[in-house]
Amino acid sequence: MSPPAGQDVLVYEDDRVRVTAREVPHPPLHQSFGYRFETEEGIVAFSGDTAYSHSVGELAAGADLLVHETMEPDFSRGLGYSDRLLDFQTASHTAPGDVGRLATAAGARHVALSHTGPPDPREVGDDDWTRKVAATYTGPVVVGHDLTRLVPVR
């Protein structure tokens, strides 16, 4: 059962962490979720797999770190991807510039990009991804790779 649209659902809470979730758009799939983790150390929001969404922005309000997926349909177009796949990417994922817009509106202090593609950041370099986010966001941006470790700085 999905939570009501636009409403947070408490997933877990103890004396160290409070975790809430909210449904985010990822058509044609249902029940894709973003998460917010609140601790004494700070707030981390995860977009989940999603199109650009104000729901993610609300989860990320005032976050110390926003971890957000991103896809680059323009690069896919250059690889010759089909119109159907390009339509899917555009409808269900977030372009890097939109990640920056969302982070700015939410007041997120840092952004980490995850689930990037195409291309793999190692193929084009992290600078291409961070430059596209930085066009609409002035805070620090890092591209996540397997085993990337981020230490929150307040």
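Which residue in β2 does Glu-13 stand opposite? In this predicted model, in which residues are numbered from 1 along each chain as its sequence is written, local features need pLDDT of at least 70, side-chain atom pairs count only at pLDDT 80 or more, and totals for chains, interfaces and linings use all residues. Side-chain values use heavy atoms, with hydrogens and water left out.

The residue opposite Glu-13 is Arg-18 in β2, and Thr-20 of β2 is the bridge partner of Leu-10. Strands β1 (residues 9-13) and β2 (residues 17-26) run antiparallel, are joined by 4 bridges, and form a hairpin with 3 residues between them. Strands (E, at least two residues) and helices (H or I, at least four) are DSSP runs numbered from the N terminus, and two strands pair if DSSP finds at least two bridges between them.

An open sheet of 7 strands, with mixed pairing, has the order β1-β2-β3-β4-β5-β6-β7. Because β1 and β7 (141-143) stand at the edges, each with a single partner strand, one side of each is left without a neighbour in the sheet.

The largest nonpolar core (a set of buried Ala, Val, Leu, Ile, Met, Phe, Trp, Tyr and Cys residues joined through side-chain atoms within 4.5 Å; buried means under 20% relative accessible area, with a 1.4 Å probe and protein chains only) has 18 residues, and those with the most contacts inside it are Leu-66, Ala-103, Val-111 and Leu-113. Two or more residues each are given to this core by β4 (42-46), α4, β6 and α6 (126-134), and the largest share, 4 residues, comes from α4.

Terms used:
Buried < 20%, exposed > 50% of the residue type's maximum accessible area, 1.4 Å probe, protein only.
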